[in-house]
Structures are given as C-alpha cells and as structure tokens.
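Colleague: I should like to learn how such a model is read. Please take me through its features in turn.

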Amino acid sequence: FSLILWGNEVYPALTTTWWVPELFGLAGFLIGWLYILLDAILEQNSDDTSRRVALKPSVPKILVGISFFTLQYWLSGVLVQGG
C-alpha cells in the first residue's frame, strides 16, 4: 500500500501524498480570504492617514517579501536533501 501520488526514484521531487494538493488549496483559500477580511477590518479601525499608507506597501517591498519567501522555500528543500 503506497500513499505516493506522483514521483519515483528518478524524480523524487515530484513525490507527494494524495492530501497535499487539497491541503495547499485550502491553505491558499484561507490565507486569501484572511487578507481581504483583515485589510477591511484594519482599514475601518484606522482613522490615521499614515496608517492607511502603511497598509499599502510599495511594489519593490512586495517583491522583496516574495523573494525572501522563495529563498526560504528553496533553502528548506536543499536542507532536507542534504540530510
């Protein structure tokens, strides 16, 4: 009995179990809606204009955040493969 959905000895990076895609889909859905809800709540509670500006980061700041996340994700795979 095997829980492996994809992958084999040649391509171990594609190895996962059946519930991983569903779990990532649920996480993406929840995170997306939490961003929308929390942004609306924080914007409602904030009368200060400087706070509203802080809630809308610049494009370079967003790209740096995405880059750091990608680096961490890649590094976690490298560390797991290294043992």
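Modeller: The dialogue below treats the fold, burial, a surface patch and a helix. This is a predicted model, in which local features need pLDDT of at least 70, side-chain atom pairs count only at pLDDT 80 or more, and totals for chains, interfaces and linings use all residues. Residues are numbered from 1 along each chain as its sequence is written, and side-chain values use heavy atoms, with hydrogens and water left out.

Colleague: Which pattern does the protein follow along the sequence?

Modeller: Helices (H or I, at least four residues) and strands (E, at least two) are DSSP runs, numbered from the N terminus. Here there are 3 helices and 2 strands, in the order β-β-α-α-α.

Colleague: What percentage of the residues is buried?

Modeller: Buried means under 20% relative accessible area, exposed over 50%, and partly exposed in between (1.4 Å probe, protein chains only). Of the 83 residues in the protein, 4% are buried. Leu 30, in helix α1 (residues 19–45), is partly exposed at 45% relative accessible area.

Colleague: How many residues of α3 are buried?

Modeller: The number is 0 of 24, so α3 lies largely in the open. Helix α3 (residues 59–82) reaches 34 Å from its first C-alpha to its last, close to the 34 Å expected at 1.5 Å a residue; the expected span is 1.5 Å times one less than the number of residues.
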